[in-house]
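Here are some exercises on how two chains meet, each with a solution you can follow step by step. Have a go at each task before you read on.

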Amino acid sequence: MQDATVSLVELSALISFGVLILALLLTFWRLFRGRDLADRVVALDLIAIILIGGIAGYTVMTDVAVLLNSASVLALIVFLGTVAFARYLERSVK
Amino acid sequence: MILNILIAILLLSGALFFLVAAIGIVRLPDLYTRMHAAAKASAFGAVLMLAATALHFRDLWTILEVVVIVVFLFITTPVATHLIGRAGYRMKVPIWKETRVDELRDALEGNVHDSLRCDEHDDPSMRHSSRSPHRDHTVHEG
């Protein structure tokens, strides 16, 4: 089957991109509406982890293994950002 | 071929876990329940999609990097969620009205003073006021 333009892995990666975009839209809705600042921080954290999953899917789809480095960098930066935000929130109480 | 099917299943199930996390963060009533949905389901979904990446490439460095990312996610996600939860509790984010157990309030206000009183007066009836066996243990040690 050389004529098949889209392989099974690419098709599943595309479908999972659709599902991830739906998840991102739902999370953005919570980011805009979230009634507290802590809700928005949780939504930002979830957005970043969804992006890590999307980078993994894109790495599989394009067959370029170097793109996985950006997933690890994103994981590092997001953890630092969340910790800094949480400490800022906790300090702003007093 | 079987490997491709396995990669496809891993990708789709990881994306479904992300969708579950997003639905949870929209539908659940409370900051704390939303954190519960967002942290656990999203970390598991990321692990599934990264495992699909490792199965697709199958060379040493990619597998090593996937293992590093997964270990890092499993270490940092609970820590970050715990910090946000504590900050939200200090900011007095409202708790859902059906929540029964609030152990942090007991630790901050109630049972700390209770254990101090137990130390001073040695009242045996006070020992049963705290729920967790760990706190009972600290009371007995004095």
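What follows is a set of five tasks with worked solutions.

Before you start, some ground rules: this is a predicted model, where local features need pLDDT of at least 70, side-chain atom pairs count only at pLDDT 80 or more, and totals for chains, interfaces and linings use all residues. Residues are numbered from 1 along each chain as its sequence is written, chains are lettered from A and ligands numbered from 1 in the order in which they are written, and side-chain values use heavy atoms, with hydrogens and water left out.

**Exercise 1. The interface as a whole**

Work out how many residues each chain gives to the contact, and what area is buried between chain A and chain B.

Solution.
- Step 1: Start with the residues in contact (heavy atoms within 4.5 Å). Chain A puts in 48 residues and chain B puts in 48 residues.
- Step 2: Go on to buried area, the accessible area (1.4 Å probe) that two parts lose on being put together, summed over both. For chain A and chain B that comes to about 4100 Å², with 80% of it from carbon and sulfur atoms.
- Step 3: Now count polar contacts: pairs of N or O atoms within 3.5 Å, where within protein one must be able to donate a hydrogen and the other to accept it, and residues adjacent in sequence count only if both atoms are side-chain atoms. Seven residue pairs across the interface of chain A and chain B are in polar contact, both residues at pLDDT 80 or more.
- Step 4: Look at which elements of chain A take part. Helices are DSSP runs (H or I, at least four residues), numbered from the N terminus. Helix H1 (8-33), helix H2 (37-62) and helix H3 (68-91) of chain A each give two or more residues to the side that touches chain B.
- Step 5: The largest share of that side, 16 residues, is from H2(A).
- Step 6: Sort the residues on that side by type, and you get 32 nonpolar, nine polar and seven charged. Here Ala, Val, Leu, Ile, Met, Phe, Trp, Tyr, Cys and Pro are nonpolar, Asp, Glu, Lys and Arg are charged, and the others, Gly among them, are polar.

**Exercise 2. A:Asp39 and its partner**

Find the salt-bridge partner of A:Asp39, and decide whether A:Asp39 is buried or exposed.

Solution.
- Step 1: Place the residue: A:Asp39 sits in helix H2 of chain A.
- Step 2: Leave aside neighbours within four places in sequence, and A:Asp39 touches A:Gly34, B:Leu31 and B:Arg34.
- Step 3: Apply the salt-bridge rule (a side-chain nitrogen of Lys or Arg within 4 Å of a carboxyl oxygen of Asp or Glu). B:Arg34 is the partner, at 2.8 Å from N to O.
- Step 4: For burial, use relative accessible area (buried under 20%, exposed over 50%, partly exposed in between; 1.4 Å probe, protein chains only). A:Asp39 has 3%, so it is buried.

**Exercise 3. A:Glu90 and two arginines**

Which residues are linked with A:Glu90 in a network of salt bridges?

Solution.
- Step 1: A:Glu90 meets B:Arg86 in a salt bridge, 3.2 Å from N to O. This pair runs between chains, from helix H3 (residues 60-90) of chain B to helix H3 of chain A.
- Step 2: A:Glu90 also forms a salt bridge with B:Arg90, with the closest N and O atoms 2.8 Å apart.
- Step 3: Put together, the network links A:Glu90, B:Arg86 and B:Arg90.
- Step 4: Check accessibility. A:Glu90 is buried at 13%, while B:Arg86 at 31% is partly exposed and B:Arg90 at 32% is partly exposed.

**Exercise 4. A salt bridge within chain A**

How many salt bridges are there over all chains, and how many cross the interface of chain A and chain B?

Solution.
- Step 1: The count over all chains is four.
- Step 2: Three are found across the interface of chain A and chain B.
- Step 3: Within chain A, the side chains of A:Arg35 and A:Asp36 form a salt bridge, 3.7 Å from N to O.
- Step 4: A:Arg35 is exposed at 57%, whereas A:Asp36 is buried at 16%.

**Exercise 5. A:Val93**

Which residues of chain B does A:Val93 contact?

Solution.
- Step 1: A:Val93 lies in the segment after H3 of chain A.
- Step 2: Beyond its neighbours within four places in sequence, A:Val93 contacts B:Arg90 and B:Met91.
- Step 3: With a relative accessible area of 36%, A:Val93 is partly exposed.
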